[in-house]
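Q: Please take a close look at one part of this model, following how its elements pack together, and state each cut-off as the term comes up.

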Amino acid sequence: MSKRVDGQAAYVLHLHPYSETSLVVDVFTRDHGRVPLLARGARRPRSAMRGLLMSFQPLELGWFGGGEVKTLARAEWLGGMPLLGGRCLLLGYYLNELLLKMLPREDAHAALFDAYAAALYALAAGGADAPELRRFEKTLLKELGYGLTLDIDVDTGLPVAPEQEYAFLIERGPVARVGASDTAPGEAPRLRGKTLLDMAADDYTDPRTRVESRQLMRTLIAHHLGGKPLQSRRVFIELQEL
């Protein structure tokens, strides 16, 4: 059934040519999730949409159609977002790639949309990237049904102790470990209880927490991606080696 949607808050995740004059635009919307839209004539030099369909900029969109790919009817730039540059631009592409590879189409997640917007605004304002990325990653996993237990030892039911070392069982949560530090199958790299508690509180002021939380989230996301590589991460690593 064909239907029309208007006044929808959205961000562009990806653009690719559809014909000599048109584009298919993958957008992330607050109320309809990830939606592919056909932007007819958007590649023409005089198209009103040509300069509007930019990543990391808040838009208001309208579309119609009942097929898998809807037709973009209108786009309005909402403004207020500085352009991302340098490292923050790469981090923005990382957020987009996670959404494209992990979020099903037309699966609405308002909390995830808000977390994405908050991360972009913080990056654009020059904020420290660790808190924004970890908050977004945590929200993404939670919204997809993989919410993290961070403050309870899942074997004993006891609160996580800051001074204790824990292994994070990928499908369950933290378990206290004593002795050998080798990571067993199904475990993420070991980390301090303090790191887990800091993550639960969204507190990334401790440098060790930033390092260990990044290692944990990298392992968990790789697991839930099911082996799909992240191009943005590869590019980021290569640039750091230059």
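**Packing around one helix**

A: Helix α5 lies across strands β6 and β8, running at about 165 degrees to β8. Helices (H or I, at least four residues) and strands (E, at least two) are DSSP runs numbered from the N terminus, while axes are lines fitted to C-alpha atoms, for helices over the stretch in contact, and angles run from 0 to 180 degrees between N-to-C directions. Residues are numbered from 1 along each chain as its sequence is written. The model is predicted, with local features needing pLDDT of at least 70, side-chain atom pairs counting only at pLDDT 80 or more, and totals for chains, interfaces and linings using all residues, and its side-chain values use heavy atoms, with hydrogens and water left out.

The strands under α5 belong to an open sheet of three strands, in the order β7-β6-β8 and with antiparallel pairing, where two strands pair if DSSP finds at least two bridges between them. Because β7 (173–176) and β8 (187–192) each have a single partner strand, they stand at the edges, and one side of each is left without a neighbour in the sheet. From one strand to the next, the twist averages 35 degrees. Strand β6 (residues 165–169) is joined to β8 by four bridges, the two strands running antiparallel, and Tyr-166 has Leu-191 of β8 as its bridge partner. Helix α4 also packs on this sheet, touching β6, β7 and β8, and its direction makes about 95 degrees with that of β8; contact here means heavy atoms within 4.5 Å.

The two helices also meet each other. Helix α4 (residues 193–200) and helix α5 (residues 207–225) pack at an angle of about 80 degrees, with their axes 9 Å apart, and they are therefore roughly perpendicular to each other, given that angles under 35 degrees count as roughly parallel, over 145 as roughly antiparallel, 65 to 115 as roughly perpendicular and the rest as oblique. On the α4 side the contact is made by Lys-194, Thr-195, Asp-198 and Met-199, and on the α5 side by Arg-208, Thr-209, Glu-212, Ser-213, Leu-216 and Met-217. Sorted by class, this contact has three nonpolar, three polar and four charged residues, with Ala, Val, Leu, Ile, Met, Phe, Trp, Tyr, Cys and Pro counted as nonpolar, Asp, Glu, Lys and Arg as charged, and the others, Gly among them, as polar.

The loop between α4 and α5 holds Asp-202, whose phi is near 55 degrees, a positive value in a residue other than glycine. Because its relative accessibility is 29%, Asp-202 counts as partly exposed, where buried means under 20% relative accessible area, exposed over 50%, and partly exposed in between (1.4 Å probe, protein chains only).

Helices α4 and α5 and strands β6 and β8 are among the elements that each supply at least two residues to the largest nonpolar core, such a core being a set of buried Ala, Val, Leu, Ile, Met, Phe, Trp, Tyr and Cys residues joined through side-chain atoms within 4.5 Å. Of the 43 residues in this largest core, Leu-95, Leu-99, Tyr-116 and Phe-136 touch the most other members, and the largest share, nine residues, comes from α2. Leaving aside residues up to four places away in sequence, Phe-136 touches Leu-95, Leu-98, Leu-99, Leu-112, Ala-115 and Tyr-116.
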